[in-house]
Amino acid sequence: MDLLKRQSSVFQLNGKLKAVILIGGPHVGTRFRPLSLELPQPLFPIAGSPWLQHHIEAIVKHPDVREILLIGFYNQSQQMSRFVDDMQRKYGIPIRYLQEYAPLGTAGGIYHFRDQILRGNPRAFFVFNSDVCCDFPVWEMAQFHSNVTGGNGYVILGTEANEQQALSYGCIVEEPSTHKVLHYVEKPETFVSNIINAGGYIFSPDIFQHLTRAFTANYENELIHDAARDSIDLHSSVLTPLAGNGDGGKLYVYKMNSGFWTQVKNAGHAIYANRLYLSLFKERHPEYLATNTPGGHEIYGAVRIHPSAQIDSSAVLGPNVYVGAGVVIGAGARVREAIVLDRAVIQEHSCVLHSIVGWDCVLGAWSRIEGYPSDLNPNDPVAKITSESLFNLDGRLNPSITILGQGVSVHSELIVLNTVVLPHKELTSSYKNQIIL
Amino acid sequence: MYLFPRQLGITITLSHEQEPLGTAGPLGLAREILEKDAEPFFVLNSDVICSYPFKKMLELHHSHGKEGTIVVTKVEEPSKYGVVVYNPTSGQIDRFVEKPKIFVSNKINAGIYIFSPTVLKRIQVKFMSLEKEVFPFMAQDGQLFAFDLEGFWMDIGQPKDFLRGMALYLSHVRQTSPERLAEGDSFVGNVLVDPSAKIGQGCRIGPSVVIGPNVIIEDGVCLSSSTVLRGARICSHAWVQSSIIGWQSVVGKWVRMESVSVLGEDVIIQDELYVNGARILPHKNITVSSPDPQIIM
């Protein structure tokens with residue numbers, strides 16, 4: 001829907017909606033290094049589009065959304081403003097980035113910018129975490145909010161996990177007939193529920209009563225350090241107290257019944273998210289995906305190639321590959337389950353598997369860049385990707401995606417296996433299971 | 001067995017031990033053939049490679065006129081082997097020392113000998129060791145002499161040493177009969193290719209590679225320090241270094257193989273795998289990478 005149409009439908013009977021995306025800041029994106037050293041994590045390209053764009057695209061599916069507010073702690077930058085401009089133009093909807101003056105936690109930013117959120121009197125507003133990968137079911141969430149909560153409740157988006165993995169997330173106990181939330185707890189030690197917080201919400205405007213109360217309580221608590229006073233945590237300040245308030249309770253859970261969901265906490269998960277969004281493109285944007293052409297390079301599965309990339313006709317790509325702008329891929333090269341960022345050069349006969357190749361990297365002939373996929377248990381339909389620590393108990397690097405930071409060059413005939421390489425390194429010998437500073 | 005004798009104009013007889021007879025016993029078993037005339041005979045160990053200077057060896061043997069000549073060679077780590085102590089002017093061997101703890105000499109028994117048939121008097125048809133039960137007595141009797149080997153020598157019993165021996169042998173070919181080695185844009189260093197083998201476009205073969213009969217090397221293959229045995233196939237864009245590829249084996253596309261990997265007969269490595277120091281027994285189909293050295297049965 002273009003800009004004009006949205007502005008004019010202010011006269012429609014349906015109330016307006018807004019969406020807030022919490023994009024965090026450099027202090028929370030550290031596990032995404034070295035990729036986030038060059039670029040804010042929310043702008044990292046997954047399946048060829050900046051990560052946030054996937055969320056924006058999911059949000060604009062609902063025609064009543066009038067404005068999207070990005071709240072975070074990243075400094076205003078050219079990258080950010082250019083991104084916001086591009087998105088406004090593409091989706092025809094006002095989008096603004098509101099920078100917090102200090103890290104304000106998962107709810108502090110919403111509280112601080114409450115005037116912006118409530119301006120224009122939206123009937124409700126969505127809140128989404130940016131560090132998840134999901135095609136948010138905005139239509140269904142809004143319906144649920146209107147029909148089940150009578151349009152004035154608060155809804156958490158939930159998704160199913162297996163009992164073991166649920167312990168790593170926010171757990172929601174649902175009353176099956178009313179869908180009210182009886183209990184909410186973050187990362188419990190013992191099993192509470194297999195419905196987990198999927199990082200999406202829709203709130204009626206009077207949520208701010210509760211936020212104000214939390215803020216005031218924080219402020220009056222002399223034990224909390226100055227800098228932390230303005231920081232409010234959504235889970236402990238809002239969700240947990242609101243859960244189980246008997247008949248008067250207004251906290252509900254809407255369970256996603258289809259579609260993928262995953263957290264993306266580190267660069268390795270980005271490859272997994274890459275695969276999920278590429279598969280979404282098959283129905284949503286088939287024009288993005290490359291096809292086999294006679295005499296051209298071979299394509300398997302979902303592959304997205306920027307139009308300016310140059311690929312030799314004897315190269316073989318896919319499945320689950322994104323090739324960025326200006327990339328050059330030489331004769332007989334093989335790229336599978338990978339993200340290849342702008343201007344990288346992959347020379348002839350090379351093999352890139354389960355890896356992220358950073359901007360401007362150069363891979364010599366016959367080089368092999370290989371990582372280990374974080375694959376899920378295929379027998380468990382609700383299995384989630386786990387967020388393991390970098391190192392195992394023996395002090396060895398856990399098997400993971402190989403990541404080459406910006407400007408890394410790898411000499412020909414070397415292997416780089418399960419290794420993270422920081423930007424601008426020149427590798428003259430093979431490396432396995434290491435972090436190269 | 002019938003082709004070689006005719007090609008070379010010689011007779012080949014097989015003497016088969018029914019039970020193990022050690023390193024000396026088998027000579028006793030073949031007594032009839034060896035004693036046919038009074039001419040001396042060579043004894044060779046098959047797990048050794050060198051330039052085999054047979055003429056010079058024979059000349060030395062005749063010049064001293066005693067019962068036996070042992071070829072000795074200089075090695076870097078003599079304590080791994082049996083060391084030979086001999087008079088440097090006369091060449092007469094004084095004694096042997098097995099795996100000496102302190103430095104005695106850096107010359108070892110190269111596993112190549114010439115004997116006069118009279119030596120068979122010292123040998124019975126039972127399990128006997130030349131090194132322990134024959135040589136020491138011959139040395140005591142002043143009947144054993146050393147031939148100092150020039151040029152390369154390698155005990156090729158282990159795959160790693162086999163590849164080193166192969167490289168040394170190829171250097172020897174470069175010096176003595178370079179026309180046997182492959183020339184062209186695809187080749188680097190010393191490479192021996194059987195005429196029936198096929199090599200694709202854009203490959204880089206060598207240094208130190210031997211390619212056997214009916215081998216197929218597809219386009220874009222990088223191969224070095226390796227031996228590829230009869231009928232094997234290396235598929236496109238593979239990178240193979242320091243490996244032995246067994247007969248009829250197939251190395252898949254984009255495979256990376258290194259660190260003395262050894263494939264037995266008819267082993268298949270699927271596309272895009274990484275094989276690092278794996279020893280794979282025959283007829284295996286390998287579908288997952290083997291990034292750490294192991295034996296796959």
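Residues 7-170 of chain B are 27% helix and 26% strand, and the C-alpha atoms at the two ends of this stretch are 23 Å apart. Helices here are DSSP runs of H or I with at least four residues, strands are runs of E with at least two, and both are numbered from the N terminus. An unreviewed UniProt entry annotates residues 7-170 of chain B as "domain: Nucleotidyl transferase". Such positions are given in the numbering used here, feature names are shortened, and annotations may be inferred rather than shown by experiment.

Before going on, a word on what you're looking at. This is a predicted model, where local features need pLDDT of at least 70 and side-chain atom pairs count only at pLDDT 80 or more, while totals for chains, interfaces and linings use all residues. Residues are numbered from 1 along each chain as its sequence is written, chains are lettered from A and ligands numbered from 1 in the order in which they are written, and side-chain values use heavy atoms, with hydrogens and water left out.

Now move along chain B. The same kind of record, again unreviewed, gives residues 188-296 of chain B as "domain: Mannose-1-phosphate guanyltransferase C-terminal". Over that stretch you'll find 0% helix and 43% strand, with the end C-alpha atoms 32 Å apart. Chain B as a whole has six helices and 26 strands, and its C-alpha atoms fill a box of roughly 65 × 45 × 40 Å along the principal axes. Of its 297 residues, 46% count as buried, that is, under 20% relative accessible area (over 50% is exposed, in between is partly exposed, with a 1.4 Å probe and protein chains only).

For a close-up in chain B, try Leu34(B), which sits in helix α3 (residues 31-34). Not counting residues up to four places away in sequence, Leu34(B) touches Leu27(B), Phe41(B), Pro117(B) and Leu120(B); contact means heavy atoms within 4.5 Å. Leu34(B) and Phe115(B) are 81 residues apart in sequence, but their C-alpha atoms are 10.0 Å apart in space.

Over to chain A. Asn197(A) belongs to strand β11 (residues 195-203) and is buried, with a relative accessible area of 8%. Its side chain makes a polar contact of 3.0 Å with that of Tyr184(A). A polar contact is a pair of N or O atoms within 3.5 Å; within protein, one must be able to donate a hydrogen and the other to accept it, and residues adjacent in sequence count only if both atoms are side-chain atoms.

Ser204(A) is in the loop between β11 and α8 (207-220), and counts as buried at 2% relative accessibility. The side chain of Ser204(A) reaches the backbone oxygen of Gly153(A) at 2.8 Å, and one of its polar atoms lies 3.3 Å from the backbone oxygen of Asn152(A).

Finally, look for empty space. The whole structure has three cavities of 30 Å³ or more. On a 1 Å grid over the protein atoms alone, a cavity is a set of points where a 1.4 Å probe fits but cannot get out, and lining residues have an atom within 4 Å of a point. Points are joined across faces, edges and corners, and a volume is the space filled by probe spheres set on them. The second largest cavity holds about 60 Å³, and among its lining residues are Trp366(A) and Trp254(B).

Terms used: 1 Å grid on protein atoms, 1.4 Å probe; cavity = no way out; pocket = protein on both sides within 12 Å on 5 of 7 lines; lining within 4 Å.
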